[in-house]
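Visitor: Could you take me through one helix of this model in some detail? I'd like to hear about its shape, its buried side and its charged contacts.

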Amino acid sequence: MKYFKNRKITVLFIFIVIMIGISFNSCDELIKNKNSENQKSELTNQAINKNKNEAKLLLMLSKDNQEVINLTKALQEVINKDSIIDLAKKIEQTHVEFAEDLQEVATDKLISIPNYAEAPLNKSTINLTEEDKFKALNKLKSIIDNQLFILNKLSETSNSKDFKTLIVKADSKINDSLNKTKNILNVLNTNS
């Protein structure tokens, strides 16, 4: 009987030791699972925030681009020198092409941006007077500078191949537009 009683205590002791060992092991597993869930959640949140920032920058680029198109169309109506009108048309054409590129990348990335090609001209932009052309040109220059700044921000923010391609393609075109705008300002300033 004594042997049986000691055996019960031994089995109970071994059972308790095994249970304690399993509980420590399962707690470690639970902690590891919780940490991996937190890391996955953090990575997901970072990806979402990055995508939101890319979408915001793309939308800002698109809005500025439409404003450039509107201003160049309005300037073509006010300026009466053919060489300057040709420069304004080239700026407009460059930014129309850029709008198409923006729309293509946005569609590929499932980002919704307005299709400004179908948008009507802003009425306040259309009714430029002769005196307003210098203000409009300076505003145009400022908007194009802002586009270059946004492109730079997008370059820093994004690792996407599509965005990198867009940035490389657009950067030289927008710099060219900025130079053309400066040329127009110089020509008009020398003629005034």
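Guide: Here's a walk along helix H5, from its start to its salt bridges. Keep in mind that this is a predicted model.

H5 covers residues 161–191. With 31 residues at 1.5 Å each, the helix should span 45 Å, and its end C-alpha atoms do sit 45 Å apart, so the two agree. There's still a bend of about 30 degrees at Ala 170. At the N-terminal end, Ser 160 acts as the cap, with a side-chain oxygen 3.3 Å from the backbone nitrogen of Asp 162.

Now the buried side. Ala 170 itself is on the buried list, and so are Phe 163, Leu 166, Ile 167, Ile 174, Leu 178 and Leu 185, among others. Polar residues turn up there too, including Ser 177, Thr 181 and Lys 180.

Lys 180 deserves a second look. Its relative accessible area is 13%, and since buried means under 20%, it counts as buried. Lys 180 forms a salt bridge with Asp 176, with the closest N and O atoms 3.1 Å apart. Those two are four residues apart in H5, so about one helical turn separates them. Asp 176, in contrast, is partly exposed at 36%.

H5 also reaches out to another helix. Lys 173 forms a salt bridge with Glu 97, the closest N and O atoms being 3.6 Å apart. Glu 97 belongs to helix H2 (residues 82–108), so this pair links parts of the chain 76 residues apart. Both partners are partly exposed, Lys 173 at 25% and Glu 97 at 31%.

Note on methods
Residues are numbered from 1 along each chain as its sequence is written. This is a predicted model: local features need pLDDT of at least 70, side-chain atom pairs count only at pLDDT 80 or more; totals for chains, interfaces and linings use all residues. Side-chain values use heavy atoms; hydrogens and water are left out. The expected span of a helix is 1.5 Å times one less than its number of residues. The bend at a residue is the angle between axes fitted to the seven residues ending there and the seven starting there. Buried means under 20% relative accessible area, exposed over 50%, partly exposed in between (1.4 Å probe, protein chains only). A polar contact is a pair of N or O atoms within 3.5 Å; within protein, one must be able to donate a hydrogen and the other to accept it, and residues adjacent in sequence count only if both atoms are side-chain atoms. A salt bridge is a side-chain nitrogen of Lys or Arg within 4 Å of a carboxyl oxygen of Asp or Glu.
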